[in-house]
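User: Please take a close look at the part of this model where the two chains meet, and then follow the picture outward from there into each chain.

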Amino acid sequence: MSSPTLPPSESFKFSMLLSDTRYRGMSLQVITFIIFMAAFFWLVDNTIKNLALLDKDVSFNFLWLRAGYDINQRLIPYTSDSTHGMAALVGILNTLLVAFVGCIIATFLGLFVGILRLSKNWIVAKLMSAYIEGFRNVPVLLWIVMVFALLTEFTPAPRAFKGAEPEATMLFFESVAITNRGTYFPAPVLAEGAYWLLLCFGLSIVAVIYFIRFANKQKKDTGKSLPTFWISVAAIIFPTLILFFAMGQPVSLEYPYLKGFNFKDGIHLRNSFLALTLALAFYTSAFIAEIVRAGIMAVSKGQSEAAASLGLRPNKIMSLIILPQALRIIVPPLISNYLNLTKNSSLAIAVGYMDVRGTLGGITLNQTGRELESMLLLMGFYLAVSLLISSFINYFNRSFQIVVR
Amino acid sequence: MTKIAFVRKKEIPPSPPPITEVGLIGWLRQNLFSSWLNSILTVLSVYFIVIMLWDFIPWAYGGHWNTKSLRECLDLDPDVACFSVLAARWKQLLFGLYPAEEYWRPTLTFIFLLLAIVPILFPKFFRFFWFSIIYPGLAVWLLWGGSVWSISIVYIGLTLGVLFFLTLIRRYLKNYMIAAILAFLFTAVFFLFISNWLVGLLNAILPINLPFVESLKMGGFTLSLIVGVTGIVASFPIGILLALGRQSNLPVIKMICVGFIEFIRGVPLITLLFVASVLLNYFLPPGTNFDIVLRVVIMVTLFSAAYMAEVIRGGLAGLPLGQHEASASLGLTYWQSQRLIIMPQALKISIPGIVNTFIGLFKDTTLVSIISLRDPVGLASTIRADQKWNGIYWELYVAIGLMFFIFCWGMSQYSQYLERKLKTDK
């Protein structure tokens, strides 16, 4: 019996570093790493030299200096005496506001358009696909400036509301004024005791959540389903409403009114904010509509047929069979579209909306001359937002993925 | 007794279907009025369409084309479009500040562009692919001008490098990697030491020059197309490499690729463009100052390459693992299996995403107006700054939007055609 012989061991040759698959990966990595580090140090070295030439240093102290400029829309107290850091914070909040409102509008609009796009009604389907193609194939910057032009050039000036026979009138029972300086809404005024109302409202929402859990559990145990929807609606509305009247209406509306050549009081939404939010929402909604459509179409027809043969009604089929499967496909790209909307909000500069790019990356950058630091902070902010969102997507994918055996 | 029973001897011909089920009425009933909800939707849609067209058609159809200013338009009829601004400024919208006597150059470049993409789009014409290869150099020369030789030398150098590589492989060496490194060194030596001298010589023998046009004169759709097309062409291969790098099992390469992709995808393009216009001078050796259009193109390319990488990674992930294993068990090397087995399938899956990235890139070229380059959207405000056209909005926006729409919609239609053509399974 011959014992298996090992192949003659080859002595190590230098060329094997590049030709032998055992070492090639390693040497390739080492080479890449060296090139990468060399490029990195080259850039850093250049930056240091350039900064020295310009007599600059890298310091973030400018954040604590007086900003000296006004911001027309602010969610937190801010004056021109506040610091650059505060200005950046105001900008961040403005960015997040646009992103938040825009995402909500875009989601509802996108759902609506996406579902109607699948309609069997020929004309509705065509109209919706025209909407989608129209918004998707034209740059978002153009939409932003177009909506802005629409809002500023084709709405009446506040003085058109003046006089016995005004050229323009306020909408919705004299409560909403659309002018070329922005749109004015009634503002809620919280009197004493209003916080009890908010508390009551919050409590009823918590109660409804528990009720739905209970109903689901009971349905699993006994098979009987409770009329969850109507009970929830009633539970949310009535306690707060009763308390509202019982406490003597502690929340009232403050209507905007014309004073001089401008409107006073109420909530003033600037055209820059409206144009940016609406344009971004329209634009993103076209993408969301396609995602929704793809998600619904991706659920195979056999699923709904199988559900129907089990005897489920159409709305049950939608809510129990189709949607849970479609959502798994819809949610990740949906969230990445939210992210896109947030990033696109940096186009605010086109309409003069003061978002974080306008304050930190705009006026602060120009005033202090700290390009490097401002851009670093700005990119850091956007990166943080996007990493947060993408880690959420990953979490979602992990927890809802179909487990393959 | 009379027979009252009646037995039909002949089959009667089938009666036509009820009029409500066929033809126009049947179609209407099935598609538009199948239920009361559908009927409401139909009526609302028709109402909406009529309202839109009621205003738009007279506005667009009766538009003025040859007035001197917006004021003149408004005096004639304030309710119709004033397309005269397009008639007066279309050259600017198309070419920016490009010198008027040189307009033929961007025009010719555009025509050549159409010719150059035909072999890529339609395999029937693949034998003309050589034109697509020389096109980039030709376009650069036509647009920027200067001596033809300083562009050709790039081609000459690269061709020599490739020839050197092939000779090494065929005659002297077995190892691709060493041959590639040697060929790279050879090309580097050529460009560092020989090319300048050669260009000077060729210029002396046969000078072919076009007047130089500087980058800041580029504008309008010429600029959009320069940035868009270069970005599209360059971001595709970079995206593939990044996607492979991200899938790679070499940790250093994977880390660099992941870091790059996540960084680029995490920041808005605007900030990258600002880096290109403001910060790039910090990162380069003191005193360097290179072309702003080139900087923008580089940034746009990197930006969409990161997105491309993610799209292609999706395609790679969509392939069954068996494909990798099967190609490995056939004894194919990494690059062979990527080229022959993996990529063709992965790219086919990701066609919609790839084309969406292209479309996104082309639309994003409008962002250069924010760093004050003169793309069409930026030009719209420039034109409005002119007193004659102060206050004109829709005519310009409709025209610009339509141009972008045609390009982007065309791309998406082509991608659908391609998907249908490459579909191998039912």
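Analyst: In this predicted model, the meeting of the two chains involves 48 residues of chain A, which are in contact with 46 residues of chain B. On the chain A side, the elements that each give two or more residues are the helices α1 (16–19), α2 (21–54), α4 (122–136), α5 (140–153), α11 (314–344), α12 (356–368) and α13 (371–400). Of these, α2(A) provides the largest share, with twelve residues. Sorted by class, the residues on the side of chain A that touches chain B are 27 nonpolar, 14 polar and seven charged.

Chain A as a whole has 13 helices and seven strands. Of its 405 residues, 28% are buried. When contacts in chain A between residues at least 6 apart in sequence are considered, 66% of them join residues that are at least 24 apart.

Asp55(A) lies in the loop between α2 and α3 (84–117) of chain A. Its phi is near 65 degrees, a positive value in a residue other than glycine. For comparison, most residues other than glycine have a negative phi. Asp55(A) counts as exposed because 6 C-beta neighbours lie inside 10 Å, and the cut-off for an exposed residue is 12 or fewer.

Thr183(A), which belongs to strand β2 (residues 182–185) of chain A, gives the opposite result, since its 21 C-beta neighbours inside 10 Å make it count as buried. Once residues up to four places away in sequence are set aside, Thr183(A) touches Val176(A), Ala177(A) and Ile178(A), and also Leu269(A) and Leu274(A). From Thr183(A) to Phe33(A), by contrast, the C-alpha to C-alpha distance is 56 Å, with their positions 150 residues apart in sequence.

The largest nonpolar core has 137 residues, and those with the most contacts inside it come from both chains: Ile144(A), Ala275(A), Leu276(A) and Ala279(A), together with Leu273(B) and Val296(B). The element that gives the most to this core is helix α9 (residues 271–298) of chain A, with 16 residues. For one of the chain B members, Val296(B), the contacts beyond four places in sequence are with Val227(B), Leu273(B), Ala276(B), Val368(B) and Leu373(B); Leu273(B), one of these partners, is itself among the core residues with the most contacts.

Turning to chain B, its assignment divides the chain into domain 1 (67–97 + 217–426), domain 2 (99–134) and domain 3 (146–210). The centres of domain 1 and domain 2 of chain B, taken over C-alpha atoms, are separated by 19 Å. Where these two domains of chain B touch, six residues of domain 1 are in contact with six residues of domain 2. On the domain 1 side, the largest share, three residues, comes from α9(B), and by class that side has four nonpolar residues, one polar and one charged.

The same helix, α9(B), spans residues 220–247 and packs with helix α4 (residues 84–95) of chain B at an angle of about 15 degrees, the two axes being 2 Å apart. The two helices are therefore roughly parallel to each other, because angles under 35 degrees are counted in that way. In this contact, Gln92(B), Leu93(B), Leu94(B) and Phe95(B) of α4(B) meet Gly220(B), Phe221(B) and Thr222(B) of α9(B). Divided by class, the residues of the contact are four nonpolar and three polar, with no charged residue.

A last position to consider in chain B is Ile151(B), which is placed in helix α7 (residues 148–172). Ile151(B) has 20 C-beta neighbours inside 10 Å and therefore counts as buried, the cut-off being 20 or more. Leaving aside neighbours within four places in sequence, Ile151(B) is in contact with Gly137(B), Val140(B) and Trp141(B). For the pair Ile151(B) and Val140(B), which are eleven residues apart along the chain, the C-alpha atoms are separated by 7.8 Å.

Note on methods
Residues are numbered from 1 along each chain as its sequence is written. Chains are lettered from A and ligands numbered from 1 in the order in which they are written. This is a predicted model: local features need pLDDT of at least 70, side-chain atom pairs count only at pLDDT 80 or more; totals for chains, interfaces and linings use all residues. Axes are lines fitted to C-alpha atoms, for helices over the stretch in contact, and angles run from 0 to 180 degrees between N-to-C directions. Helices (H or I, at least four residues) and strands (E, at least two) are DSSP runs, numbered from the N terminus. Angles under 35 degrees count as roughly parallel, over 145 as roughly antiparallel, 65 to 115 as roughly perpendicular and the rest as oblique. Two residues are in contact if their C-beta atoms, placed from the backbone, lie within 7 Å. Ala, Val, Leu, Ile, Met, Phe, Trp, Tyr, Cys and Pro count as nonpolar, Asp, Glu, Lys and Arg as charged, and the others, Gly among them, as polar. A nonpolar core is a set of buried Ala, Val, Leu, Ile, Met, Phe, Trp, Tyr and Cys residues joined through C-beta atoms within 7 Å. Domain bounds come from an automatic or database domain assignment.
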